[in-house]
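Q: I'm new to reading structures, and I'd like to take one part slowly. Please pick a single helix, start from one residue in it, and follow the contacts outward.

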Amino acid sequence: MMHPVVRSALFVPASRAERIPKALAAGADAVIVDLEDAVEHLAKATAREALCDFLGMNPQARVWVRINDASTSWHDDDLKACRSKPGVAGILLPKAESMMQVRHAAQAGLPVIPILETAQGILNAGEIAATPSVARLAFGSLDYGLDLGLTPDTPGAETVLDQARVQVLLHTRAAGLAPALDGVFPGVQDQTGLAGAASRAQQMGFGGMLCIHPTQVPVIHAAFVPAREELEWARRVVAAHRDTSAGTFMLDGKMVDAPVIARARLVLAQAGESSGSHPGGPGVTGG
């Protein structure tokens, strides 16, 4: 299965539609127009209208939309607004907790990215991930910590958050979804902390991160680009496989087989390079 590479998904409030072009120009792999947390309750309807107006005036734009969760009175209106809009490439479903919620969101006819950010959502991660129309999972670490009453920025909290991250990663793989997205890093001016969090997410197997400011995009991308040595290794593995056409071969005195070749192709995809995989091979391409 070939999935588009999404290293960064940048939020922009629907209530500030004038910022959407700036977000699209920031270089993020995906832009999320937010109808949920970034919009005050009394501004929900006008924010929704602003999103529709923007899409109507900018038919070339492609965005994801984070709608309000299924427990709110705005949920169905948000879904209706997204339906039949070519500019909406996917729906982020916050506080996703069940297969039924995902199926309901999927009635808009768009790929769904459930955000797992409650205890119930993590407990039901398997059925959510396996629901048709789900493209990938996202982890809402801040809301999850709030739901469980964790003390932020403590070793204990990180232990619990990592346990949830593992569940997101396991069910992503079991369902054959695109690589999951880790939660936002709230320290907009803490570039060092962001780089560390992004590097750790990459090491864990996440495909990228949600982010809240354009300045976070290049830092995240740098963390998700393979190191030069790893990239050179991947190019050599794929080239040798192409030249030999053998399923198993030796390179630098080490055996290379299907899992190693798949890893090399994933590294190339993360760097935005084509692996030129053979038909039927374990290829991964970027988007």
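A: Here's a walk that starts at one residue and works outward, with a few other spots at the end.

First, some ground rules: this is a predicted model, where local features need pLDDT of at least 70, side-chain atom pairs count only at pLDDT 80 or more, and totals for chains, interfaces and linings use all residues. Residues are numbered from 1 along each chain as its sequence is written, and side-chain values use heavy atoms, with hydrogens and water left out.

Our starting point is aspartate 162, which sits in helix α8, residues 155–175. (Helices are DSSP runs of H or I with at least four residues, strands are runs of E with at least two, and both are numbered from the N terminus.) Aspartate 162 counts as buried because its relative accessible area is 15%; buried means under 20%, exposed over 50%, and partly exposed in between, using a 1.4 Å probe and protein chains only. Its side chain makes a polar contact of 3.0 Å with the side chain of arginine 165. (That's a pair of N or O atoms within 3.5 Å; within protein, one must be able to donate a hydrogen and the other to accept it, and sequence-adjacent residues count only if both atoms are side-chain atoms.) If you skip neighbours within four places in sequence, aspartate 162 is in contact with Arg200 and Met204, where contact means heavy atoms within 4.5 Å.

Keep an eye on that arginine, since Arg165 turns up again where α8 meets helix α7. The axes of α7 (residues 141–148) and α8 come within 11 Å and cross at roughly 120 degrees. (Axes are lines fitted to C-alpha atoms, for helices over the stretch in contact, with angles from 0 to 180 degrees between N-to-C directions.) The two helices are therefore oblique to each other: under 35 degrees is roughly parallel, over 145 roughly antiparallel, 65 to 115 roughly perpendicular, and the rest oblique. On the α7 side you'll find Ser141, Tyr144, Gly145 and Leu148, and they meet Val160, Leu161, Ala164 and Arg165 of α8. Sorted by class, that contact has five nonpolar residues, two polar and one charged. (Ala, Val, Leu, Ile, Met, Phe, Trp, Tyr, Cys and Pro are nonpolar, Asp, Glu, Lys and Arg charged, and the others, Gly among them, polar.)

Next, look for Arg165 once more, this time in the surroundings of phenylalanine 206. This phenylalanine lies in the loop between α9 (191–204) and β8 (208–211). At 2% relative accessibility, phenylalanine 206 counts as buried. Beyond residues up to four places away in sequence, it touches Arg165, Val168, Leu169, Ala180, Leu181, Asp182, Ala201 and Phe224. Its C-alpha atom and that of phenylalanine 224 are 9.2 Å apart, with the two positions 18 residues apart along the chain.

Phe224 and Ala201 also lead us to the packing of α9 with α10. Helix α10 covers residues 216–224, and its axis lies 8 Å from that of α9, at an angle of about 40 degrees. That makes this pair oblique too. From α9, the contact takes in Gln191, Leu194, Ala195, Ala198, Ser199, Ala201 and Gln202, while α10 supplies Gln216, Val219, Ile220, Ala223 and Phe224. By class, those residues are eight nonpolar and four polar, with no charged ones.

Now for those other spots. Glutamine 120 is in helix α5, residues 119–123, and is partly exposed at 39% relative accessible area. Its C-alpha atom is 9.8 Å from that of aspartate 147, although they're 27 residues apart along the chain. Serine 133 belongs to the loop between α6 (125–129) and β6 (136–139). Its phi is near 90 degrees, a positive value in a residue other than glycine, and at 31% relative accessibility it counts as partly exposed. Aspartate 252 isn't a glycine either, yet has a positive phi of about 55 degrees. You'll find aspartate 252 in the loop between β9 (249–251) and β10 (254–256), and it's exposed at 55% relative accessible area.

Last stop: helix α11 (residues 228–244) and helix α12 (residues 258–270), whose axes come within 8 Å and cross at roughly 125 degrees. They're therefore oblique to each other. Among the residues making this contact are Trp233 and His241 of α11 and Ile261 and Leu268 of α12. By class, this contact has ten nonpolar, one polar and four charged residues.
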